[in-house]
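Please look over the sequence and the three-dimensional model shown here, which is a predicted one. The briefing that follows takes one helix, one loop residue and one strand with its partners in turn.

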Amino acid sequence: MSFDLVVLGCGGGPDELNLSSYLFKTCQNQWCDGILSVEAGSGLGALRELLSRDPFIFEDLKVIGKDDLAEKVLDDGSPSQRAARIYSWIRTFLISHAHLDHVCGLIIGAGSTSSSSPRYIAGTETVVRDIDTVFGGQKLWPKLASRYESPASTFGFIYNSLSSFGPYHSLSPNISVLLLPITHGMVDGGTYESTAFFIRNDTTLEECLFFGDVEPDSISSYPQTLNVWRTAAPKIRDGMLSHIFLECSWTSARPIHLLFGHLSPPHILDELMALAREVVSVGRHSTRKILDSQLEGILRGVTLVIIHCKEPITPSNPESDIVDVIVGEVKKLVYPARLGVSVIGARQGMKLRF
Ligand SMILES: [Zn+2]
Ligand SMILES: [Zn+2]
């Protein structure tokens, strides 16, 4: 076992209390040693709600001798106090792209949450620059982040601009991350870039793969996901990568021209087939076409975690759970391909150990 994960939020909008935010630590570390927050859409408010519903969501909180104040707050504090304490343990917010549903909690909480150690906003230079249009302009929000450490400040953030394509960057106790660019639709002036993260436990060397928002390679004017699959393939073949977090924002009914840089179930199948072919290709010298029959069981041991499902809000919409609907559609398409992959949906408040 390598990772503990609490899903603080996993929706693709519009519910502001359930936006992309995933709290990671290694199994070898405790939450108070430092948390890596991958994305920061939902923040303190969502954490308070989670703790109200399930006070033991961080059940293995062991802070004795490490954080005396936390020990008291976690025993006797209100959900708000407990949320603030746990939130203060986030050392680094790692952001795939600066869309508001991925940074909202971080921005809103920036001036209110304090910490005795420096806290970082990490991402590609593009992400840092985009986030700094909020903090640096000082009109949307005060200057609560900078590129340099200020000894006087105990709140606010320091930017950590990371290179893509390696090396692995050490971001949290025992966790290093490799960043690869992916494409998330078009904006004026070209394609809009997002990021995929290979998150590595530095002790066990096991990894998981987390995708920011991403469009299908099959329709992209700048397809980059295949490169991510190529990087993942040898790790999967060697049994060192078991969990892939991949967005599926829409149901199958969504037409291609309305994907807006996101995936739907048929495209999940395409992408998994591309991954499976890459795994078969590892160390293979033949140029002969790979047959579908060669892909059988090739992704056994891999769990695909569907994230970022967009909740439709229409008066006529029945009360069906969108995650159930989308995951059901993905399974129906993917399982007959017999790749061996398991498909599950992320839920707010879900805990995973893998
Ligand atoms: Zn998003
Ligand atoms: Zn986005």
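**Helix α8 and its surroundings**

- The buried residues of α8 pack against three elements, namely α7 (265–281), β13 (303–307) and β14 (342–345).
- Those buried residues are Val-323, Ile-326, Val-327, Glu-329, Val-330 and Val-334; viewed down the axis of α8, they fall within an arc of 155 degrees, so they line one face of the helix.
- Helix α8 covers residues 322–334, and at 1.5 Å a residue its 13 residues should span 18 Å, which agrees with the 18 Å that separate its end C-alpha atoms.

**Loop residue Ile-313**

- Ile-313 sits in the loop between β13 and α8, and it counts as exposed because it has 9 C-beta neighbours inside 10 Å.
- Although Ile-313 and Gly-13 are 300 residues apart in sequence, their C-alpha atoms are 9.9 Å apart in space.

**Strand β11 and its partners**

- Five of the five residues of strand β11 (residues 207–211) are buried, so the strand is largely enclosed by the rest of the structure.
- Glu-207, Leu-209 and Phe-211 point one way from β11, whereas Cys-208 and Phe-210 point the other way; in a regular strand, side chains alternate between the two faces of the sheet.
- Strand β10 (residues 190–201) pairs with β11 in the antiparallel sense over five bridges, and Arg-200 has Glu-207 of β11 as its bridge partner.
- The β10–β11 hairpin has five residues between its strands, and Leu-205 in the turn has a positive phi of about 65 degrees.
- Strands β11 and β12 (residues 241–247) run parallel and are joined by four bridges, with Phe-210 standing opposite Phe-245 in β12.
- From β11 the chain crosses through helix α6 (residues 225–237) to β12, in a β-α-β crossover that is right-handed.

Key
Residues numbered from 1 in each chain as written. Chains lettered and ligands numbered in written order. Predicted model: local features only at pLDDT ≥ 70, side-chain atom pairs only at ≥ 80, totals over all residues. Helix = DSSP H or I, 4+ residues; strand = E, 2+ residues; numbered from the N terminus. Expected span 1.5 Å × (residues − 1). Buried ≥ 20, exposed ≤ 12 C-beta atoms within 10 Å, placed from the backbone. Arc of directions from axis to C-beta. Contact = placed C-beta atoms within 7 Å. Pairing = 2+ DSSP bridges. Right-handed = clockwise from strand over helix to strand, strands pointing away.
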